[in-house]
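This report looks at a single protein chain: its make-up, its charged pairs, one helix and its cysteines. Please keep the model in view while reading.

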Amino acid sequence: MKKPVCIITIGMAGSGKSSFVNRLNAHLSQQSAPYILNLDPAVTNLPFEPNIDIRDTVDYHQVMKQYNLGPNGGILTALNLFTTKFDQVLDLVEKRAESVDYIIVDTPGQIEIFTWSASGAIITDAVASALPTVLAYIVDTPRTVAPATFMSNMLYACSILYKTKLPFIIVFNKIDVQPHAFALEWMRDFETFQEALATHQSTTDDDGAPTYMNSLMNSMSLVLDEFYKHLNSVGVSSMTGEGVAEFFKAVEASREEYEKEYLPELARVRAQREATLQKQKEDSTTRMLADLAVDRASNPTFSAQDRWNPDEQEGEEEDDGGELNIIDRSEDPWPGQYIDLTETRRKDDSDGTWPRPA
């Protein structure tokens with residue numbers, strides 16, 4: 001059975017991630033609606049209806065209040081709390097895997113909260129280990145006409161690519177406002193970028209001589225030349241829908257890349273980790289048996305009495321109850337399906353408080 005592709009959208013604040021997800025949703029809904037996850041707890045309104053919404057599980061404002069956090073700290077903590085229930089999210093996603101072709105994840109506007117946090121890494125790795133996964137890096141095209149801004153975006157994209165090692169697509173958004181041909185040209189020919197850099201006002205001093213920033217970006221353009229060769233780039237307008245078909249062609253190419261490159265590497269890392277854990281277990285068992293042998297030789301009387309009696313075992317293993325806190329909006333709720341922590345807090349703050357850290 002062909003598994004659905006998971007598209008994780010990331011990008012700078014204001015780059016148009018939610019609008020892009022809305023355009024993908026409108027495009028796919030003509031044939032088969034995608035399964036959408038919203039991971040931004042601070043968003044007020046969304047242009048689409050997600051199947052799973054972090055806001056149904058974690059109240060961002062209450063998290064800020066209870067932990068005395070600012071906006072970014074509140075988003076990060078809310079995402080961390082949601083991640084503790086992400087196994088339930090995967091269960092819901094896997095149940096829908098046979099009926100959907102695409103799973104789309106909308107991430108918080110503050111890109112560093114998802115890309116450089118432990119919770120973001122856990123979510124990305126968990127999804128990538130279960131489903132073919134593609135990262136869509138959304139770029140605000142009108143804001144990248146300045147060479148320095150363009151270089152900053154590319155450096156950030158490069159760092160995320162080498163951190164996750166997942167198939168990566170750069171999406172130049174808002175091409176209805178600013179065509180992205182200049183960006184593709186800069187990526188194909190670093191000399192063109194250097195020419196644009198030389199004519200930009202911020203890269204020369206009052207005497208017209210190149211500044212330190214000019215020299216740095218010239219050097220970085222040479223470094224990133226190799227990075228550009230292994231990168232899919234498309235232009236999309238979330239407003240008009242232009243370029244969406246090309247984006248999905250890039251997604252299908254990325255699926256093949258995932259199966260040929262990421263999966264074998266994932267299997268190798270898993271085998272290596274299991275071998276390391278097995279060796280550690282064997283070493284621990286060997287040391288424990290050696291310590292027991294010394295102890296029995298020193299205390300033969302006590303070792304004779306040291307026997308396990310199954311009749312004296314107290315109690316049984318506790319069951320966590322399996323309460324489901326994650327809501328799948330595309331299914332009708334039934335009694336005991338979930339605990340809506342948001343509604344709990346609205347009625348009585350004392351019943352829905354998160355435990356404070358020790």
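Buried means under 20% relative accessible area, exposed means over 50%, and partly exposed lies in between (1.4 Å probe, protein chains only). On that scale, 45% of the chain's 358 residues count as buried. The model is predicted: local features need pLDDT of at least 70, side-chain atom pairs count only at pLDDT 80 or more, and totals for chains, interfaces and linings use all residues. Residues are numbered from 1 along each chain as its sequence is written, and side-chain values use heavy atoms, with hydrogens and water left out.

**Overall make-up**

The chain has 13 helices and seven strands. Helices (H or I, at least four residues) and strands (E, at least two) are DSSP runs, numbered from the N terminus. A contact means heavy atoms within 4.5 Å. Among contacts with a separation of 6 or more, 76% join residues 24 or more positions apart. The accessible surface is about 19,800 Å², and carbon and sulfur atoms hold 51% of that. These areas come from the Shrake-Rupley method with a 1.4 Å probe; for residues, only the protein chains shown count as cover.

**Salt bridges**

A salt bridge puts a side-chain nitrogen of Lys or Arg within 4 Å of a carboxyl oxygen of Asp or Glu. The count is nine. Three of the pairs are listed here.

| Pair | N to O distance |
|---|---|
| R55 and D53 | 2.7 Å |
| K174 and D140 | 3.2 Å |
| R255 and E252 | 3.6 Å |

K174 and D140 link distant parts of the chain, 34 residues apart. K174 sits in the loop between β6 (168–173) and α8 (181–188), while D140 belongs to strand β5 (residues 133–140). K174 counts as partly exposed because its relative accessibility is 25%. D140 has a relative accessible area of 9%, so D140 is buried.

R255 and E252 are both in helix α11 (residues 244–298). They are three residues apart, about one turn of the helix. R255 is buried at 8% relative accessibility, whereas E252 is partly exposed at 28%. K2 joins these two in a network of salt bridges.

In the R55 pair, D53 has 1% relative accessibility and therefore counts as buried.

**A buried lysine without a partner**

Which side chain of opposite charge is nearest to K17? It is D106, at 6.0 Å, and K17 is buried yet has no salt bridge. Lys and Arg count as positive here, Asp and Glu as negative; His and the chain ends are not counted. K17 lies in helix α1 (residues 17–28). Leaving aside neighbours within four places in sequence, K17 contacts several residues, including T9, I10, G11, M12, D106 and I138.

**Helix α6**

Helix α6 (residues 118–130) has 13 residues. The expected span of a helix is 1.5 Å times one less than its number of residues. For α6 that gives 18 Å; the end C-alpha atoms are 19 Å apart, which agrees. Its buried residues are S119, G120, I123, T124, A126, V127, A128 and A130. Their cover includes β1 (5–11), α3 (71–83), α4 (86–95), α5 (111–115), β5 and α11.

**Cysteines**

The disulfide count is zero, taking a disulfide as a pair of cysteine sulfur atoms within 2.5 Å. C6 is buried, at 1% relative accessibility. C158 is buried as well, at 14%.
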